[in-house]
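Me: Please take a close look at a single part of this structure, and then work outward from there. Keep it plain, as I am in my first year.

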Amino acid sequence: MEDLQEIKKRFVDDLDAAGTSVDLQQLKVKYLGKKGILTAMLKLLSTVPAEERPAYGKLMNELKTFIERESEGKESGIRDAERRSKIASEAIDITLPGKYTKTGRLHPISTVLKEIIDIFGSMGFDTEVGPEVELDYYNFEALNIPKDHPARDMQDTFYISDEVILRTHTSPVQIRTMERKKPPLRFIAPGKVYRCDADVSHTPMFHQVEGLVVDTDISFSDLKGVLEIFVHLMFSKNTPVRFRPSFFPFTEPSAEVDIGCILCGGAGCRVCKGTGWIEVLGAGMVNPRVFEMVGYDPELFTGFAFGMGVERITMLKYSIDDIRMYYENDIRFLRQF
Amino acid sequence: MRVPLEWLKEFVDFSINTDDLILKLTMVGLEVEGVEKMFDDTVLEVNVTPNRPDCLSILGIAREVSALLNIPVKFPECGIREEGGPSVVAVEIADEDLCYRYAGRDIKGVTIGDSPDWMKKRIEKCGMRPINNVVDITNYVLLEMGHPLHAFDLDTLRGSRIRVARSGCRTIKTLDGTDRALPEDALLIWDGERPVAVAGVMGGGETEVKEKTRNIFLESACFLPSSIRRTSRVLGLKTESSYRFERGTDIELLEKALDRAVSLMAFHAGGKVSKKVDVYPRSFPPAGIQVRYDRVNRVLGTLVPRDEMIDIVQRLGMRAEKGPKEFVAIPPSYRADIQKEIDVIEEIARFHGFDRIPVTVPKIPISKEAKDTRYHLMAKVKESFRSAGFTEVINYSFMDPRMLDTLNIDENDRRRRTLTLKNPINEEESRLRTTLVPSLIQNLLHNVSMGSRDLRLFEISRVFIDEGGALPDEDHHLGALYFREKTPSLWKEETPDFYVVKGALQSLLDDLRVGDYLFHPSSEPFLHPGKSGDISVSGRKIGFLGVLHPDIVAGLSLRVSPQDILVVEMDLDALLASVREGVKYSPLPRYPFIDRDIALVVNESLPAAAIMEHLRAYPTELIEDISLFDFYKGKNIPEGKKSLAFTLRYRAKDRTLTDSEIEELHGKLSAYITAQTGGVVRGT
């Protein structure tokens, strides 16, 4: 009987000493295994006097349950600790940089061009294109700019031959499209244009977006509406818009469209030359003579046209102060956008 | 046009402040581009559009201010005492189609000297240089009234005659001392023997007013604008006179300008003024223009009352005859730009105020046009390259013709069919691009010189091929350049550059669902013969990629360690034409697959694509996919050989395959492929 107390005491000591799951496994074998202490004791049960045997057996069972419970309890604690320590040892330096292919950037002109196309797209404008090497007829004459007309001074032209030029504006797409289609028309024509001056504020190639709306009842007030929406979507809802009279041979009345200077908020700065206004668009009602050139009846149809320089809008959008940056294609510049 | 305010006030007595005046002028279309202080005065720089030659004078601006503020224009008095009797000069217009009117007066006994200070200052404020009293007065009147005048030394006019006629072919010494060849149809002013002035452009040196000049003949004429412009352009001679004549001058005002000038001359230079000689063969009665009230408001989208329309046109110097549905506007002689109803509508819009026109949106039916898929595909191409690490560049469409030689491009190559600019900015930019490679190389040189050692660039642009038509072919091309100096990096990247770029292209082709493409060795003369490939889709070459030929790289004098530079160019139109549109769902497989690998040791020169081809050609329907997962040369592989390992995925559509069935098929396939390629199966 005293043996059992002794065994229990030894087990408790051993259990305290067990630090790992391996120790514990050995401990279980030592007490509960086939050759373990309790198994041996059980075999000795027959040597106990018959009247004491039930009580002794009961005590033995209690001891066995005690050992099993205690060692299992300790074992789960040890396993938790071991798993935690294994996980802890797997830690990496998450501050080391990740591996990735740096994505490229789109040219700012490309990005703004897309923005312009998307804005007009949302207003239901189609997109038309035309050749960059163009006939004098489409670039000038059909747009009411005859040869020997002073309006030709407004644009310095690159010549391939007397009749073939690099288009100086996207307006010839108006003519080509009207020759091909009948009203109603509502489209924009984005693209590259060329003028043979290169200085601080001009590059020999730049981008324009032309627009044309023609139907039976289009008015100057519609022109104002469409362009005001455009400015508000392109810049901000609060950008003031101003229309003032100007001259283009292919529109009448013609207008320049100014927006409140977005750099100084209208107070006057270097960019707006102190006026508080910046010119961003040219526009006007399609000159009836242009309709006559393409065989539309100017009594039946009216329309408006507009054009804008993408470089200029991009400059305003990103505060770029040198137009030549666009075509140097310096990666340090391009990666900023 | 420079407008000194004190001069302007002499014509129209306004009291609004300068800022208000600037704003009002700008808002009627006379944009004030600059303001300058000069001699205690304010000078406005007004941008006068080409349709408004009538505003190229103080008087012209005054008329607009007068209309704006509704105050009258004061016209300077010019009392002339015609003491000199009739003009001694006989005037004849030989070419009436080019000269509409020619008037003049003699002034005899003038004393050439300085102009008074006030006149000199006004001339200087307008940006001209004072010369002497007679010349200054012609310039003064030009600035004041917008009509160019020309003073001849009367004593040098041979035969006391003036004849206005075409040139025939000749040269003339102009006032600036240069002998100039004349176009055949140039209009000249002749005396009895010889040309003495290029009409409307510049006078001749031999008849000009000099210090000793005593007698003068002063010309005031009107010419066909396009003729003056043509002559001025051919001569490359642009003067204050030609600038105004080519835009159109006032045929009525020329008389007043003449009188104004001679009265000033008589006063400041002395001399006796003759009667006027005035040849005016045809008159141009002003035509009335019908303007429909409702048309005005329909075009503008306004509700401008009739009375306001009439008031506006009258303030602008037009006569108006009212009718029930329309009125007739008769423009003054100085408004030759007003010819049609729309011209009058524009005037009404200007003075009603653009800012008072309502803001509406057009009512137009929804477009029935098919959406432009091309634009979206282009965007997709850009996006694909951007994600692959390439940054977009935009280059000028120009090219240095010598670049085609640098690139060893054959004389018969399509890229030699360039268009040449007649007036290029410089020789380096004198051709239109037929390939994007030269520009990309320029981009490389620029960026490397700026210190960049990692460049991945792409461009989408048109190229221009002269195929002999009126206009060239304009093809869209995609170009790309890859240059990356190997530097130690934290995480190892071992893919060779060629395959990085090829991967970007394959990813693009995959994105666009172009299935039927092939890469095969390229013969582009500017590429490394062993590290380049042509890309063909459905059997047609659409582009190339490859390492720039070492000889060409050597010529670029790049100051960086030797490094492969990869270039790509593709015909985007051809590529986009082979995009497979529309997706059709195919059912997912219902039975499991079995993977089997095979490693082959073959001759190094045998392309992997050839082996793939053979595998694909094996007659069975059970191979679902073949992929190459290992490429190895070196230890354990004989010299001149390489090992390629493939995974074959077997699957049947209608049943589960058994191991033994695949074992047998794979065995046969191994035997087949070794026979086809002359290789051996590795590791068996």
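Reply: Strand β4 (residues 185-194) of chain A is joined by ten bridges to strand β5 (residues 205-215) of chain A, and the two strands run antiparallel. This is a predicted model, and everything below should be read in that light. Within that pairing, A:A189 has A:E210 in β5(A) as its bridge partner. β4(A) also pairs with strand β1 (residues 126-127) of chain A, in the parallel sense and over two bridges. There, A:D126 has A:F187 of β4(A) as its bridge partner. β4(A) is mostly covered, since nine of its ten residues are buried. A point about strands in general helps when viewing this part: in a regular strand the side chains alternate between the two faces of the sheet.

The domain assignment of chain A gives domain 1 (2-89) and domain 2 (108-334). The centres of domain 1 and domain 2 of chain A, taken over C-alpha atoms, are separated by 93 Å.

Next comes the side of chain A that touches chain B. The contact takes 67 residues from chain A and 72 residues from chain B. On the chain A side, helix α8 (residues 220-234) of chain A supplies the largest share, seven residues. By type, the chain A side divides into 33 nonpolar, 14 polar and 20 charged residues.

α8(A) can be checked for length. Its 15 residues, at 1.5 Å a residue, should span 21 Å, and the end C-alpha atoms are 21 Å apart, so expectation and model agree. The buried residues of α8(A) are A:F220, A:S221, A:D222, A:L223, A:K224, A:V226, A:L227, A:F230 and A:V231. A general rule is useful when looking at such a list: an α-helix has 3.6 residues a turn, so residues three or four places apart point the same way.

Chain B can be compared with this part by going through its own pieces. Its domain assignment gives domain 1 (2-69), domain 2 (90-279), domain 3 (289-356), domain 4 (373-577) and domain 5 (594-681). The C-alpha centres of domain 3 and domain 5 of chain B lie 86 Å apart.

Helix α5 (residues 133-145) of chain B passes the length check too: its 13 residues should span 18 Å at 1.5 Å a residue, and its end C-alpha atoms are 18 Å apart. Because 13 of the 13 residues of α5(B) are buried, this helix is largely enclosed by the rest of the structure. After α5(B) comes B:G146, with a positive phi near 80°.

B:T249 is in the loop between α7 (240-245) and α8 (253-268) of chain B. B:T249 counts as buried because 31 other C-beta atoms lie within 10 Å, and the cut-off for buried is 20 or more. Leaving out residues up to four places away in sequence, B:T249 touches B:P53, B:H147, B:C222, B:R244 and B:L254. B:W190 is 59 residues from B:T249 along the chain, and their C-alpha atoms are separated by 22 Å.

Chain B also holds an open sheet of seven strands, in the order β19-β22-β23-β27-β26-β25-β24, with mixed pairing. Its edge strands are β19 (391-392) and β24 of chain B, each of which pairs on one side only. At one edge, β19(B) is joined by two bridges to strand β22 (residues 454-465) of chain B, and they run parallel. B:E392 stands opposite B:F458 in β22(B). Helix α12 (residues 373-387) of chain B packs on the sheet here, touching β19, β22 and β23 (473-484) of chain B, and its direction makes about 155° with that of β22(B).

At the other edge, strand β24 (residues 517-521) of chain B pairs with strand β25 (residues 527-537) of chain B in the antiparallel sense over five bridges. B:F519 has B:I535 in β25(B) as its bridge partner, and a hairpin through five residues joins β24(B) to β25(B). β25(B) is in turn joined by seven bridges to strand β26 (residues 540-548) of chain B, again antiparallel, with B:V537 opposite B:R540 in β26(B). This second hairpin has two residues between its strands, and B:S538 in the turn has a positive phi of about 50°. Helix α15 (residues 497-511) of chain B lies across β23, β24, β25, β26 and β27 (565-571) of chain B, running at about 20° to β27(B).

Notes: Residues numbered from 1 in each chain as written. Chains lettered and ligands numbered in written order. Predicted model: local features only at pLDDT ≥ 70, side-chain atom pairs only at ≥ 80, totals over all residues. Contact = placed C-beta atoms within 7 Å. Helix = DSSP H or I, 4+ residues; strand = E, 2+ residues; numbered from the N terminus. Nonpolar A, V, L, I, M, F, W, Y, C, P; charged D, E, K, R; others polar. Pairing = 2+ DSSP bridges. Axes fitted to C-alpha atoms, helices over the stretch in contact; angles between N-to-C directions. Expected span 1.5 Å × (residues − 1). Buried ≥ 20, exposed ≤ 12 C-beta atoms within 10 Å, placed from the backbone. Domains from an automatic or database assignment.
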